[in-house]
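Good morning, colleagues. I should like to take a few minutes to go through one structure, with its strands, its charged pairs and its surface. Please have it open in front of you.

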Amino acid sequence: FRGIAIAHNVRRREEVDAVLAEAALAGGIVTKPAHDADWGGRSGYFADPDGYPWEIAWNPFIKMDAKGRLILKKK
């Protein structure tokens with residue numbers, strides 16, 4: 001572990017598996033396959049070719065628009 005993990009959030013649950021598969025095809029190594037998390041989301045990890053870990057996660061409590069930007073609640 002290099003002391004840092006990069007996180008990438010996706011809009012839909014099934015995207016976690018798709019992104020991990022795409023990363024593996026591009027030379028990444030899946031280090032923790034996609035799984036349903038205790039907190040209600042889904043996540044998995046891969047290491048990029050330089051060895052940095054990436055978390056791919058879907059969080060049902062975070063809403064994103066079509067471009068992947070967070071939708072923030074207005075006060």
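**Strands, salt bridges and a surface patch**

Asp-36 is a suitable place to begin, since its relative accessible area is 46%, and it is therefore classed as partly exposed. Please bear in mind throughout that we are looking at a predicted model.

With which residues does Asp-36 form salt bridges? One partner is Arg-13, and here the closest N and O atoms lie 2.6 Å apart. This pair connects distant parts of the chain, for Arg-13 belongs to helix α1, residues 13-25, while Asp-36 belongs to strand β2, residues 29-36, and 23 residues separate the two. Arg-13 is itself partly exposed, at 35% relative accessibility.

The other partner I wish to show is Arg-42, with 2.9 Å between the closest N and O atoms. Is Arg-42 buried or exposed? Its relative accessibility is 10%, so it counts as buried, because the cut-off for that class is under 20%. Asp-36, at 46%, thus falls in the partly exposed class, yet its salt-bridge partner Arg-42 is buried.

These contacts belong to a network of salt bridges that links Arg-13, Asp-17, Asp-36 and Arg-42. The structure holds six salt bridges in total. Another of them joins Asp-65 to Arg-69, where the closest N and O atoms are 2.8 Å apart.

Let us turn to the strands. Strand β1, residues 6-9, runs parallel to β4 and is joined to it by four bridges. Within that pairing, His-8 has Ile-56 of β4 as its bridge partner.

How do β3 and β4 pair, parallel or antiparallel? Strand β3, residues 42-47, pairs with β4 in the antiparallel sense, over six bridges. Ala-47, for instance, has Pro-53 in β4 as its bridge partner. The two strands form a hairpin with five residues between them, and Gly-51 in the turn has a positive phi of about 90°.

Strands β2 and β3 are also antiparallel, paired over five bridges. They too form a hairpin with five residues between them, and in this turn Gly-40 has a positive phi of about 105°.

As β3 pairs with β2 and with β4, we may ask how many of its residues are buried. Five of the six are, so that the strand is mostly covered.

Ser-43 illustrates this well. It lies in strand β3 and has a relative accessible area of 6%, which means that it is buried. It is the bridge partner of His-35, and in β4 its own bridge partner is Ala-57. Beyond its neighbours within four places in sequence, Ser-43 is in contact with Val-16, Pro-33, Ala-34, His-35, Glu-55, Ile-56 and Ala-57. Both bridge partners, His-35 and Ala-57, thus appear among these contacts.

On side chains, one general remark may help as you rotate the model. In a regular strand, side chains alternate between the two faces of the sheet.

Let me return to Gly-40, which sits in the loop between β2 and β3. With 39% relative accessibility, Gly-40 counts as partly exposed. Which residues does Gly-40 contact, leaving aside its neighbours within four places in sequence? They are Trp-58 and Pro-60. Gly-40 and Trp-58 are 18 residues apart in sequence, and their C-alpha atoms are 9.2 Å apart in space.

Finally, the surface. Ile-62, Leu-70 and Leu-72 form a nonpolar patch there, with about 300 Å² of accessible area together. Ile-62 is found in the segment after β4, which spans 53-58. Its relative accessible area is 35%, so Ile-62 is partly exposed.

To close, I would ask you to keep two views in mind. One is the network of salt bridges that links Arg-13, Asp-17, Asp-36 and Arg-42. The other is the mostly covered strand β3, which pairs with β2 over five bridges and with β4 over six.

Key:
Residues are numbered from 1 along each chain as its sequence is written. This is a predicted model: local features need pLDDT of at least 70, side-chain atom pairs count only at pLDDT 80 or more; totals for chains, interfaces and linings use all residues. Side-chain values use heavy atoms; hydrogens and water are left out. A salt bridge is a side-chain nitrogen of Lys or Arg within 4 Å of a carboxyl oxygen of Asp or Glu. Buried means under 20% relative accessible area, exposed over 50%, partly exposed in between (1.4 Å probe, protein chains only). Patches are made of residues with over 30% relative accessible area and no salt bridge: like charges are joined within 9 Å, nonpolar side chains (Val, Leu, Ile, Met, Phe, Trp, Tyr) within 5 Å. Accessible areas come from the Shrake-Rupley method with a 1.4 Å probe; for residues, only the protein chains shown count as cover. Two strands pair if DSSP finds at least two bridges between them. Contact means heavy atoms within 4.5 Å.
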